[in-house]
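Student: I would like a close look at a single part of this structure, with the surroundings brought in afterwards. Please go through it step by step and give the numbers.

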Amino acid sequence: SFVVVLNGLLSHFCLGRHLGWGSWLAVFFICGAVALSAMAQMALPGSDSTTQAVGLVAGLISTAFVSAVYVMSNFLLATPWEKSAPKPMVLAQIVGVMETVVISIYMVSYVLPNWQRLVVDEIAPGTTSLSIALWYTAYLLVCGVHQYSFYFSCSLGPAGAVTAGVNKCVQTAILFFLSSAFFCDTNPSQCLSTAKIWGAIGVCVGVLLYGFLGAL
């Protein structure tokens, strides 16, 4: 969720977008709340600090790329468009093709050669092909709604990328609770702790601050 901070910084320094002091206050409040949750995650029993550190670095690098996509999409959607095709749909198609190419290369070069170890061996006993197909169908529908809301948020004027980033923070907070509910029994690092709960509450408070103070 550091994406919301990078979105604000990139929008400000690269595109000259103005964010009021209220928005900046909310942005850094959200960042601090998620940092609290991240530190709590590394302190959980059964959590491998090396693995967590590698994941943290990889997450920060990917966040930089995600922020660049957010801000560039915001810029492109705010640029005048005179063609008949809906601009958000055209941009979604372009970004989607690029992402599909990258994912396909990863699937072909790494996942398929290790299909048995990465996929088949991880499927719970008794799982049917029908249930897998239904879950993946639901996943695709959720991803579609998520992408639609992303492009809608990016089209909401100069601060659209930051708004999309704030929505991403809410998603991060919810994941803490869902991960604990589904995976705590098998993976102790996914369990909730007091600090993680306070961090999630802090994210929600930051989102409310962003909504109420964003115009200041």
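Tutor: A residue counts as buried when its relative accessible area is under 20%, as exposed when it is over 50%, and as partly exposed in between. The model is a predicted one, and the part to look at is tyrosine 110.

Tyrosine 110 has a relative accessibility of 34%, so it falls in the partly exposed class. This tyrosine sits in helix H4, which covers residues 87–111. Leaving out residues up to four places away in sequence, tyrosine 110 touches Arg117 and Leu118.

That count leaves out a neighbour in the helix, tyrosine 106. The rings of tyrosine 106 and tyrosine 110 form an aromatic pair, with 5.7 Å from centre to centre and 35° between the planes. Planes under 30 degrees apart would count as stacked and planes over 60 as edge-to-face, so a pair in between is called tilted; the pair of tyrosine 106 and tyrosine 110 is tilted. The two tyrosines are four residues apart in helix H4, and therefore about one helical turn separates them. Tyrosine 106 has a relative accessible area of 45%, so this residue too is partly exposed.

Now the helix that carries them. Helix H4 has 25 residues, and its first and last C-alpha atoms are 34 Å apart, close to the 36 Å expected at 1.5 Å a residue. The buried residues in H4 are Lys87, Leu91, Val95 and Val111.

The chain has three aromatic pairs by the ring-centre rule. Besides the tyrosines, phenylalanine 182 and phenylalanine 183 make a tilted pair, 6.4 Å from centre to centre with 50° between the planes. Phenylalanine 182 has a relative accessible area of 63%, so it is exposed, whereas phenylalanine 183, at 45%, is partly exposed.

A little before these phenylalanines come two serines. Serine 180 belongs to helix H7, which runs over residues 160–183, and serine 179 lies in H7 as well. Serine 180 is buried because its relative accessible area is 15%, and serine 179, at 16%, is likewise buried. Apart from neighbours within four places in sequence, serine 180 contacts Gln190, Cys191 and Leu192. Serine 179, with residues up to four places away not counted, touches Cys184 and Gln190. Gln190 therefore appears in the contact lists of serine 180 and serine 179, where contact means heavy atoms within 4.5 Å.

Other helices give a background for H4. Helix H3, residues 49–78, has 30 residues; at 1.5 Å a residue these should span 44 Å, and the end C-alpha atoms are 42 Å apart, which agrees. Buried in H3 are Gln52, Thr63, Ser67, Tyr70, Val71, Ser73, Asn74 and Leu77. Helix H2 has 22 residues and reaches 32 Å from its first C-alpha to its last, close to the expected 32 Å. The buried residues of H2 include Trp24, Val27, Ile30, Cys31, Val34 and Gln41.

Helix H2 also has a part in the surface. A nonpolar patch of about 730 Å² is made by Phe29, Leu36, Met39, Phe177, Ile197, Trp198, Ile201 and Val205. Helix H2 (21–42) and helix H8 (194–213) are the elements that give two or more residues to this patch. H8 gives the most, with four residues. One patch member, valine 205, lies in H8. Like tyrosine 110, valine 205 has a relative accessibility of 34% and so counts as partly exposed.

Last, the chain as a whole. There are eight helices and zero strands, and from the N terminus the elements run α-α-α-α-α-α-α-α. Of the 216 residues, 29% count as buried. The accessible surface comes to about 13,500 Å², and carbon and sulfur atoms hold 74% of that area. Among contacts between residues at least 6 apart in sequence, 71% join residues at least 24 apart.

Technical notes:
Residues are numbered from 1 along each chain as its sequence is written. This is a predicted model: local features need pLDDT of at least 70, side-chain atom pairs count only at pLDDT 80 or more; totals for chains, interfaces and linings use all residues. Side-chain values use heavy atoms; hydrogens and water are left out. Buried means under 20% relative accessible area, exposed over 50%, partly exposed in between (1.4 Å probe, protein chains only). Accessible areas come from the Shrake-Rupley method with a 1.4 Å probe; for residues, only the protein chains shown count as cover. The expected span of a helix is 1.5 Å times one less than its number of residues. Patches are made of residues with over 30% relative accessible area and no salt bridge: like charges are joined within 9 Å, nonpolar side chains (Val, Leu, Ile, Met, Phe, Trp, Tyr) within 5 Å. A salt bridge is a side-chain nitrogen of Lys or Arg within 4 Å of a carboxyl oxygen of Asp or Glu. Rings of Phe, Tyr and Trp (its six-membered ring) pair if their centres lie within 6.5 Å; planes under 30 degrees apart count as stacked, over 60 as edge-to-face and the rest as tilted.
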